[in-house]
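User: I would like to learn how to read the pockets of a protein model. Could you take me through them step by step, with the general idea before the case?

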Amino acid sequence: MIATVAFSAHACGDTAWKGEDVTISIKDSSNEVIASAVYDFASDPMQFTSGKATLELAYAIGQYWRASDQIETKSTSMVVQKGATPNGNAVASVGDARGGANIADSDAERYAQLALSWQLSHDRSAVSGLYDIPTTQLFSRKYGMEVDGKTQQYRDIYAQYLTLRASWPKAVLAWAADYSYYTRYGHEADYYVLLSGEEFGSVADARAWCSDNGFGENDCMAVQIN
């Protein structure tokens, strides 16, 4: 995600700001952090002109927790905090957009958990619109489960959501326990599912879509929720 950020600091005048290890976080209208990374301006200062500067910042997956097309940019705010501790090296810049380092794992985990809750609420009506319509499920994830040898944490689940949604923008997130399709046999359904949001005329067509788009048998399945 690329954020174009306008900075204003009258005291900076026409100087170059050389702040080191600075956390720049973006918050939504409810004061929830939706992007955060640690940037270093010591070797590449931010140039102010008449106390103002505009900068592009790149937030990699794992550094932001809201699909970019779902961010209401007019209601966002920014927080700048000096003296941060970078978590690893900075990610690569993207064109003119400067890359930053990760924040602490504990903070990223907390923001990802909040983002998953927000996403479930945001997508609920779209999921309801898929009732009794064949569609496809792109993943099911439970906190603490192992996937390809990695124990899933909230930030892993949300990163997978963002990655898949980038290819399938109709994708919606659901909590399996809320739908009888997943609970009808009495199994616990305390896990997240990602539906592609694509609509098909039959379950067979949905299955064909999975294979046509290169998904393996364990990665994509036809579902018809209710």
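User: Which classes of residue make up the lining of the second largest pocket?

Analyst: A lining can be read by sorting its residues into nonpolar, polar and charged classes. In this predicted model, the lining of the second largest pocket has seven nonpolar, four polar and four charged residues.

User: What is the volume of the second largest pocket, and which residues are the closest to its centre?

Analyst: The second largest pocket has a volume of about 220 Å³. Of the 15 residues that line this pocket, L138, F139, R141, N218 and D219 are the closest to its centre.

User: Which element gives the most to the lining of the second largest pocket?

Analyst: Here one traces lining residues back to helices and strands. Strand β9 gives the most, with five residues, and both β9 (135-141) and helix α2 (154-167) supply at least two residues of this lining.

User: How should I read the largest pocket, and how much space lies in it?

Analyst: The steps can be repeated, beginning with volume: about 280 Å³ of space lies in the largest pocket. Its lining is made of 15 residues, and those that lie nearest the centre are A3, T4, I26, T73 and T76. By class, this lining has ten nonpolar and five polar residues, with no charged residues.

User: Which strands supply at least two residues each to the lining of the largest pocket?

Analyst: These are β1 (2-8), β4 (33-39) and β7 (77-81), and β1 gives the most, with five residues.

Terms used. Residues are numbered from 1 along each chain as its sequence is written. This is a predicted model: local features need pLDDT of at least 70, side-chain atom pairs count only at pLDDT 80 or more; totals for chains, interfaces and linings use all residues. Side-chain values use heavy atoms; hydrogens and water are left out. On a 1 Å grid over the protein atoms alone, a cavity is a set of points where a 1.4 Å probe fits but cannot get out, and a pocket is an open set with protein on both sides within 12 Å along at least five of seven lines; lining residues have an atom within 4 Å of a point. Grid points are joined across faces, edges and corners, and a volume is the space filled by probe spheres set on the points. Helices (H or I, at least four residues) and strands (E, at least two) are DSSP runs, numbered from the N terminus.
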